[in-house]
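Colleague: Before I rely on the words used for this model, could you take me through them and say what cut-off stands behind each one?

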Amino acid sequence: MYFSLDSFLKSGHSIGYKKNEHLLTQGDVSKRVFFVLEGVVRHYVIDYSGNEKTIRISKEHDFFYSSNVSYWTGEPSYINCQALLDTKLIFWTKDELDVLRVNQPEFAKFETAKLKDFIVEKHNKEISRIIKNAEERLIEFNETDLNLFNRIPHHIIASYLDMTPETLSRLRAKFKKRKS
């Protein structure tokens, strides 16, 4: 049976979240998978010092699990998901996707491809934090997500890039100076 992304998207449920509203909070069990129609969602954890650390940013056309580990294990999530802008999403419940996986083997291939994309993205981000300095991480971010600077708070981007807001500001000023 043929899998159609359009049909899949139509099979989901539309939902909206206001700016700063949470889709998932730490301690909840993740039972939904989302597709971003409009807006930006950040995935963050609270570190041992009580600081928020942004670990992922999902934007338009991204397919994401609110918390992969919680979704697959049924255990409470350590991840928080928050809309950074007014956001329009499509969601599916775990039960709905379980049925779809059985009834449409082509969906399973789509889901596997999305999970592989997530694993590669996560791996690349982890390696980048180890082998690249703050300036190199910012350059890499600018190559793929430069438009986010005009859409979301810079301290969130700094957290995602594992640097302080001051370092981000200093590096951006340095880049602007080079261009002029």
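Modeller: Let me begin with a pocket. The second largest pocket has a volume of about 380 Å³, a volume being the space filled by probe spheres set on grid points that are joined across faces, edges and corners. This is a predicted model, in which local features need pLDDT of at least 70 and side-chain atom pairs count only at pLDDT 80 or more, while totals for chains, interfaces and linings use all residues. Residues are numbered from 1 along each chain as its sequence is written, and side-chain values use heavy atoms, with hydrogens and water left out.

Colleague: What makes such a space a pocket rather than a cavity?

Modeller: On a 1 Å grid over the protein atoms alone, a cavity is a set of points where a 1.4 Å probe fits but cannot get out, whereas a pocket is an open set with protein on both sides within 12 Å along at least five of seven lines. Lining residues have an atom within 4 Å of a point, and 16 residues line the second largest pocket, with Ile55, Arg56, Ile79, Phe118 and Lys122 nearest its centre. Helix α4 gives the most to this lining, with six residues; helices here are DSSP runs of H or I with at least four residues, strands are runs of E with at least two, and both are numbered from the N terminus.

Colleague: Which element gives the most to the lining of the largest pocket?

Modeller: That is again α4, with nine residues. About 620 Å³ of space lies in the largest pocket, and among its 26 lining residues, Lys59, Glu121, Thr144, Asp145 and Tyr160 lie nearest the centre.

Colleague: How many aromatic pairs are there, and what makes two rings a pair?

Modeller: Rings of Phe, Tyr and Trp (its six-membered ring) pair if their centres lie within 6.5 Å; planes under 30 degrees apart are stacked, over 60 edge-to-face, and the rest tilted. By this rule the count comes to 15 aromatic pairs.

Colleague: Why is the pair of tyrosine 65 and tyrosine 71 called edge-to-face?

Modeller: Their ring centres are 4.8 Å apart and their planes stand at 65 degrees, so the pair counts as edge-to-face. Both tyrosines are also buried, that is, under 20% relative accessible area, with exposed over 50% and partly exposed in between (1.4 Å probe, protein chains only). Phenylalanine 107 and phenylalanine 110, by contrast, form a tilted pair, with 6.1 Å from centre to centre and 40 degrees between the planes. These two phenylalanines lie in α4, three residues apart, about one turn of the helix, and both are buried.

Colleague: How do you know whether histidine 61 is buried or exposed?

Modeller: Its relative accessibility is 59%, so histidine 61 counts as exposed. Histidine 61 lies in the loop between β5 and β6 and has a positive phi of about 75 degrees although it is not a glycine. Most residues other than glycine have a negative phi.

Colleague: How do you know how compact the protein is as a whole?

Modeller: The protein has seven helices and eight strands. Its radius of gyration is 18 Å, close to the 16 Å that the globule rule gives for 180 residues, so the protein is as compact as a globular protein of that length. That radius is taken over C-alpha atoms, and the rule is 2.2 Å times the number of residues to the power 0.38. Of the 180 residues, 42% count as buried.
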